[in-house]
Amino acid sequence: MRSYNLFRRRGRESLCCAVPESCAVPRFVGGRRWTFDGRIDGSVTPPPGFDDRAAATAVRFNGFYLFQCLDEAGRSEGGSAD
């Protein structure tokens with residue numbers, strides 16, 4: 001698995017952006033609306049909703065991977081219907 005820096009959208013914490021450590025962080029993540037939430041790599045379990053194959057494809061085209069973080073029941077975290 002590739003190593004990613006993980007960011008969460010403030011106020012909508014279920015919306016996440018994974019950026020490979022080897023890539024620049026997109027400008028839209030650089031403001032106060034997003035917060036750094038750690039790393040995803042082979043040594044930790046990725047958050048529910050993260051799909052490594054989808055991430056690889058998204059990164060190839062965009063340089064980042066947006067995804068919705070889910071709870072164990074498959075709902076977006078926080079229980080809201082996003």
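Begin by selecting Tyr4, Leu6, Cys16, Ala18, Ile40, Phe50, Ala55, Ala58, Val59, Tyr65, Phe67 and Cys69, which in this predicted model make up the largest nonpolar core, a set of 12 residues. Colouring by element then shows that β1 (4-9), β2, α1 (52-62) and β4 are the elements that give two or more residues to this core, and that the largest share, 3 residues, comes from α1.

Next, keep the first core on screen and select Phe7, Cys17, Val29 and Trp34, which are among the 6 residues of another core that lies apart from it.

Return now to isoleucine 40, one of the residues of the largest core, and display its surroundings: once the neighbours within four places in sequence are left aside, isoleucine 40 is in contact with Met1, Arg2, Ser3, Tyr4 and Leu6, and also with Pro46, Pro47 and Phe50.

For the next stop, hide the side chains and show the strands as a cartoon, where an open sheet of 4 strands appears in the order β3-β1-β2-β4, with antiparallel pairing. Because β3 (34-40) and β4 (65-68) each have a single partner strand, they stand at the edges of the sheet, and one side of each is left without a neighbour there. Looking across the sheet, one finds a twist that averages 30° from one strand to the next.

Finally, select residues 12-20, which form strand β2, together with β4: these two strands pair in the antiparallel sense over 4 bridges. Within this pairing, centre the view on cysteine 16, which stands opposite phenylalanine 67 in β4; Cys16 and Phe67 both belong to the largest nonpolar core, where the tour began.

Definitions and conventions. Residues numbered from 1 in each chain as written. Predicted model: local features only at pLDDT ≥ 70, side-chain atom pairs only at ≥ 80, totals over all residues. Heavy atoms only, no water. Pairing = 2+ DSSP bridges. Axes fitted to C-alpha atoms, helices over the stretch in contact; angles between N-to-C directions. Core = buried A, V, L, I, M, F, W, Y, C linked by side-chain atoms within 4.5 Å. Buried < 20%, exposed > 50% of the residue type's maximum accessible area, 1.4 Å probe, protein only. Contact = heavy atoms within 4.5 Å.
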